[in-house]
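Reader: I should be grateful for a close look at one single part of this model, followed by an account of the surroundings in which that part sits. Please define each term when it is first used.

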Amino acid sequence: MTEDKNKDFSQLKDTDPIISYEQEESAELTELNSTWDNIVNTFRHNHLALIGVVIIILIILAAVLAPVISAYDPYVQDLENKLAKPSAAHLLGTDAFGRDMLTRLFYGARNSLVIGLIPSIIAIVIGTVMGLMAGYLGKTADFIIMRIADICLSFPSLLLAMVIMYTLGASLLNLFIALSIINWGMTARTVRAETLQLREKEFVEAARSCGVKRSTIMFRHILPNCIPSLIVIFTLDIPSAIMEEASLSFLGVGAQPPEASWGLMVSENKDQLTRAPWVALIPGFAIMLLVLAFNFVGDGMRDALDPTLKE
Amino acid sequence: MEQHTDLLEIRGLKTHFFTKQGEVPAVDGVDIAIPQKSIVGLVGESGCGKSVTAMSIMHLVQHPGRIVAGQVLFNGDDLAVKSIREMNKIRGKDISMIFQEPMTSLNPVYTIGRQVSEAILLHQNVSKAEAKERTIEIFRKVGIPEPEKRYSSYPHQLSGGLRQRVMIGMAMVCNPQLMIADEPTTALDVTIEAQILHLMRQLQSEQGTSILMITHNLGVVAELCDEVYVMYAGKVMEHADVNELFAHPQHPYTFGLLNSIPDTSGTKSRLYTIRGMVPNLLKLPKGCRFCPRCEKAMKICTMQEPELQDLGNGHQARCFLFDKEVMGK
């Protein structure tokens, strides 16, 4: 678009002195893209985001296809081959029980992805709704919601999760509940802060002056403007959920052995750090890769969805 | 039975803000009447309560502000006592509003077409396709080039003038009886300002909508309005027909305002200014609120608040200079 404009101006020599009102106005009209086009376009130029997408897709494929692509059973122990170095037979070696690391990574990806994604989604939905209500509905709602959020946030999160897991019992569903309760507060706070800012904007006032209902203003006018921040929170929530799952598994209330999850694999194998460092480092590296990938994608999404950055 | 010839009649409106420092009387007993099919100007300095008056009409005053007294009669119906739900049916349909900042008064995440057609869908029982058609039609009417293409533009892709046209289109699309324009041209440059004022004038005469024009720009008032109310620190100081007001300003404040307009005719004399500052509404002077800045202040002005004096010909001024009892002494 800028090129077009430059062209227009460079053609404007002394010979044609006047640019008509219509021409000038229509020169401003940029090409109109759909949201989807925008996302595709941004990702094409943002290589990190593209790498992130590829990594996430590969990890999801590995998780889904784990039984097909792995040569070993993730639970069968082979003590003669324990702590084997990476080789043709065991591409990433074996752990202290002789189980194939690559196979366990594939199976562990299933747990880690599910535990990373589902509680984050639950937390972000609850947090967003609560934050919008706290920010928009006025003092009383704000006070009640934010004090509950404060209580959830002021408890040591691990302790809170352990209390929940102990009272409800160790299961996947309870783990989801525990992680959601830990994480919704931060989202609620951020969304509330954004809502407080956005509600003063003139377009919200304009919507009110058009006779738009409060719920419509909250969910149709304020919420879409929070999405860039929500995506950032979401991509930060996923790694922290994965890490929290790891801590809980380490303390014995998360995924139960012999289940494989990346967090559990780190804690299982941490004792081997001096003898067979790859065993302890590989699952940690996998977590890092997944977390980084989500961060890259998050940054890309934020750019793509910010309408003021659209070209 | 009382006859309601005026479209909107504000009687003794008081909107106060309850802050930690105390009660701020932002609007302190305002009477304004807007006749059918007319453009009424409301002028005054920043912070004199112009916008709060507009917000009070629409019932949009937010905490900690509250309408504490007065009536807002719209076709004889008091809006000040209506519930939010009842007001939502009136807002946008019978009374609409245009804001000062065209840059921020459109939601950045939706296309302008969607925002305008939503305003239609909200108040009228039409299909989405029909709403789109009418949106394009109103875009054409307010002078947006290539309305079909612009329908799917985002606000940031438009210039300020075009955005204000969109806002006017959105405000006019339901054929409201009253449009409140809160400094609609303040953020625009003068050429665009002239275009927008022309557009408003044209739509007003075509559709018969009344307009309450809030501005601090007396040029805009002279250009557009039929009647003018001059506000100062929450009270109406002078009210007259626009020609009358510009030809014979009576209140010392109006006089000062008119004299404060830069003269471009060439004589480089120092520009007149009204001395002093707008008073702190928390500590209003005891007598007339303009008294500390008034060149014609008398002893009585420091002790007593003047009432609106009728000067005949529909001209009113809140000043003791026109109080026959006071001046007769």
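Author: The account below begins with one helix and then moves outward from it.

This is a predicted model, in which local features need pLDDT of at least 70 and side-chain atom pairs count only at pLDDT 80 or more, while totals for chains, interfaces and linings use all residues. Residues are numbered from 1 along each chain as its sequence is written, and chains are lettered from A and ligands numbered from 1 in the order in which they are written.

The part chosen is helix 7 of chain B, residues 190–207. Helices (H or I, at least four residues) and strands (E, at least two) are DSSP runs, numbered from the N terminus. The end C-alpha atoms of helix 7 of chain B are 25 Å apart, which agrees with the 26 Å that its 18 residues should span at 1.5 Å a residue. The expected span is 1.5 Å times one less than the number of residues in the helix.

Which residues of helix 7 of chain B are buried? Glu193(B), Ile196(B), Met200(B) and Leu203(B) are buried. A residue is buried if 20 or more other C-beta atoms, placed from the backbone, lie within 10 Å of its own, exposed if 12 or fewer, and partly exposed in between. The four buried residues cover an arc of only 95 degrees around the axis, which puts them on the same side of helix 7 of chain B; the arc is that of the directions from the helix axis to the C-beta atoms. Val190(B), Thr191(B), Ser205(B) and Glu206(B) are exposed on the other side of this helix. The cover over the buried residues of helix 7 of chain B includes helix 6 (160–172), strand 7 (178–182), strand 8 (210–215) and helix 8 (218–224) of chain B. Just after helix 7 of chain B, Gly208(B) takes a positive phi of about 70 degrees.

Helix 7 of chain B also takes part in a contact between two domains. The domain assignment of chain B gives domain 1 (6–94 + 176–328) and domain 2 (106–175); such bounds come from an automatic or database domain assignment. The C-alpha centres of domain 1 and domain 2 of chain B lie 30 Å apart. Domain 1 of chain B gives 14 residues to the contact, and domain 2 of chain B gives 14 residues; two residues are in contact if their C-beta atoms, placed from the backbone, lie within 7 Å. Helix 7 of chain B supplies 7 residues, the largest share of the side of domain 1 that touches domain 2 of chain B. By class, this side of domain 1 of chain B has 10 nonpolar, 3 polar and 1 charged residues. Ala, Val, Leu, Ile, Met, Phe, Trp, Tyr, Cys and Pro count as nonpolar, Asp, Glu, Lys and Arg as charged, and the others, Gly among them, as polar.

The loop between helix 6 and strand 7 of chain B contains Asn175(B). Asn175(B) has a positive phi of about 50 degrees although it is not a glycine. Most residues other than glycine have a negative phi. Asn175(B) is partly exposed, with 13 other C-beta atoms within 10 Å. Ala233(B), likewise not a glycine, has a positive phi of about 50 degrees and lies in the loop between strand 9 (227–232) and strand 10 (235–241) of chain B. Ala233(B) is buried, with 23 other C-beta atoms within 10 Å.

Helix 3 of chain B covers residues 112–123 and reaches 18 Å from its first C-alpha to its last, close to the 16 Å expected. Of its 12 residues 10 are buried, so helix 3 of chain B is largely enclosed by the rest of the structure. Among the buried residues are Ile112(B), Val116(B), Glu118(B) and His123(B). The buried residues of helix 3 of chain B pack against helix 4 (128–141), helix 5 (147–150) and helix 6 of chain B.

Beyond chain B lies its partner. Chain A has 13 helices and 0 strands, and 24 residues of chain A are in contact with 33 residues of chain B. Helix 10 of chain A supplies 6 residues, the largest share of the side of chain A that touches chain B. That side of chain A divides into 8 nonpolar, 8 polar and 8 charged residues.
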